[in-house]
Amino acid sequence: EGPENPGGKILQPQSGTYQKSQWLVVFCDECNLPQDDLYGTQAVITFLRQMTEQGGYWNSENKWIMLRRIQFVGAANPPTDAGRVILSNRFLRHAPVLLVDYPVEESMKQIYR
């Protein structure tokens, strides 16, 4: 956690390590693995959505932690794969979705020549 201001604390890349123009990228793999809870939500995905949507989160001491220069990137398999669930539209509205399909045999031969 970084400096505190009237709105709460600020979580950001360390100024000694990163330049002011650089961002910290948090990669979240297998985003659609957490199963729905009793209320039909995924706690981890809801937390990511809150941090993205509101720019921060409430810590265990009920203090607001503001995120600055932090970007979230995620990867997921199709929901048709075993153990995967569909991500909610409330979460997906914050992220551009890009599908990278498995390469065909001809492409694989060209890649691994």
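How many residues lie between β1 and β2 in the hairpin that they form? There are two residues between these strands.

## Basis of the model

The model is predicted, with local features requiring pLDDT of at least 70 and side-chain atom pairs counting only at pLDDT 80 or more, while totals for chains, interfaces and linings use all residues. Residues are numbered from 1 along each chain as its sequence is written, and side-chain values use heavy atoms, with hydrogens and water left out.

## Strand pairing

Strands are DSSP runs (E, at least two residues) and helices are likewise DSSP runs (H or I, at least four residues), numbered from the N terminus. Two strands are taken to pair if DSSP finds at least two bridges between them.

Strand β1 (residues 4-5) runs antiparallel to strand β2 (residues 8-11), and two bridges join them. Within this hairpin, N5 has G8 of β2 as its bridge partner. Strand β2 also pairs with strand β5 (residues 64-67), here in the parallel sense and over three bridges. On the β5 side, I65 is the bridge partner of K9, and L67 is the bridge partner of L11.

Strand β5 is further joined to strand β4 (residues 56-58) by three bridges, and these two strands run antiparallel. G56 has M66 of β5 as its bridge partner. The hairpin of β4 and β5 has five residues between the strands, and N62 in this turn has a positive phi of about 60°. In a regular strand, side chains alternate between the two faces of the sheet.

## Cysteines

The structure contains zero disulfides, a disulfide being a pair of cysteine sulfur atoms within 2.5 Å. For C28, the closest cysteine sulfur is that of C31, and no bond is assigned because the separation of 5.2 Å is too far. C31 is accordingly in no disulfide.

Buried denotes under 20% relative accessible area, exposed over 50%, and partly exposed in between (1.4 Å probe, protein chains only). C28 is buried, with a relative accessible area of 18%. C31 is also buried, at 9%.

## Surroundings of L87

L87 is located in the loop between β6 (70-74) and α2 (89-92). This residue counts as buried because its relative accessibility is 14%. Leaving aside residues up to four places away in sequence, L87 touches C31, N32, Q42, I45 and L92, where contact means heavy atoms within 4.5 Å. One of these partners, C31, is itself buried.

L87 and the β2 residue L11 are 76 residues apart along the chain, and their C-alpha atoms are separated by 26 Å.
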